[in-house]
Amino acid sequence: MRKGLHVKNPAFPMASKKFAIAALTTTLLVMCTSARAGAPRDGRQFVNLSGPRTLPGAFEMLPFLLRKAWTSVIGRSGAAPLVAFDRTAMLANPSITWIGHSTFLVRMDGATFLTDPIFS
């Protein structure tokens with residue numbers, strides 16, 4: 001008979017499962033308690049713990065805005081190709097259109113719906 005780690009103990013798998021369940025339950029309880037605390041507030045008003053943020057001046061904002069305007073007019077390399085609008089193709093084929101961030105317009109089987117986490 002072999003000694004050491006290869007000895008089978010029928011009670012060990014059950015103890016391991018109980019430990020895993022206890023650890024998971026404890027973790028979930030701690031997470032729920034910390035999530036309930038939420039963001040710092042003064043009544044219903046959000047309070048930034050870092051203090052008030054000063055807005056940048058015109059000499060800081062203007063180059064940023066010009067750079068953004070330039071790239072939106074001229075474009076950048078590596079961008080997705082522009083596809084011409086075709087109403088019949090959109091009606092006949094299923095499609096997913098990215099609106100922004102996590103919002104999509106989905107068309108399939110004659111139905112059109114919008115996925116948006118804010119309005120769900």
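Student: Before we look at any surface, what makes a group of residues a patch?

Tutor: Patches are made of residues with over 30% relative accessible area and no salt bridge, and nonpolar side chains such as Met, Phe and Leu are joined within 5 Å. Keep in mind that we are looking at a predicted model.

Student: Which residues make the nonpolar surface patch here?

Tutor: M61, F64 and L65 make it, and the patch covers about 280 Å². M61 has its place in helix α2, which spans residues 58-74.

Student: Why is M61 called partly exposed?

Tutor: Its relative accessibility is 38%. Buried means under 20% and exposed means over 50%, with partly exposed in between. The value of 38% lies between those cut-offs, so M61 counts as partly exposed.

Student: Good. And T103, why does that one count as buried?

Tutor: Set its value against the cut-off again: T103 has 11% relative accessibility, and buried means under 20%. Therefore T103 is buried. You will find T103 in strand β4.

Student: Which residues does T103 touch?

Tutor: Leaving aside residues up to four places away in sequence, T103 touches T97, W98, L114, T115 and D116. A contact here means heavy atoms within 4.5 Å.

Student: How many of the residues in the chain count as buried?

Tutor: Of the 120 residues, 3% do. The accessible surface of the chain comes to about 11800 Å², and 66% of that belongs to carbon and sulfur atoms.

Student: Now to the strands. How do you know that β4 and β5 pair?

Tutor: Two strands pair if DSSP finds at least two bridges between them. Five bridges join β4 (residues 103-108) to β5, so the condition is met. The two strands run antiparallel. As an example of a bridge, M108 has A111 in β5 as its partner.

Student: What is the order of the strands in the sheet?

Tutor: The order is β3-β4-β5, in an open sheet of three strands with antiparallel pairing.

Student: What makes β3 and β5 edge strands?

Tutor: Each of them, β3 (95-100) and β5 (111-115), pairs on one side only. On average, neighbouring strands of this sheet are turned by 15° against each other, direction ignored.

Student: Where does this sheet come in the pattern of the whole chain?

Tutor: Read along the sequence, the pattern is α-β-β-α-α-β-β-β, with three helices and five strands in the chain.

Student: And what share of the contacts joins residues 24 or more positions apart?

Tutor: Among contacts with a separation of 6 or more, that share is 0%.

Methods:
Residues numbered from 1 in each chain as written. Predicted model: local features only at pLDDT ≥ 70, side-chain atom pairs only at ≥ 80, totals over all residues. Heavy atoms only, no water. Helix = DSSP H or I, 4+ residues; strand = E, 2+ residues; numbered from the N terminus. Axes fitted to C-alpha atoms, helices over the stretch in contact; angles between N-to-C directions. Patch = residues over 30% accessible without salt bridge, like charges linked within 9 Å, V, L, I, M, F, W, Y side chains within 5 Å. Areas by Shrake-Rupley, 256 points an atom, 1.4 Å probe, with all protein chains shown as cover. Salt bridge = Lys/Arg side-chain N within 4 Å of Asp/Glu carboxyl O. Buried < 20%, exposed > 50% of the residue type's maximum accessible area, 1.4 Å probe, protein only.
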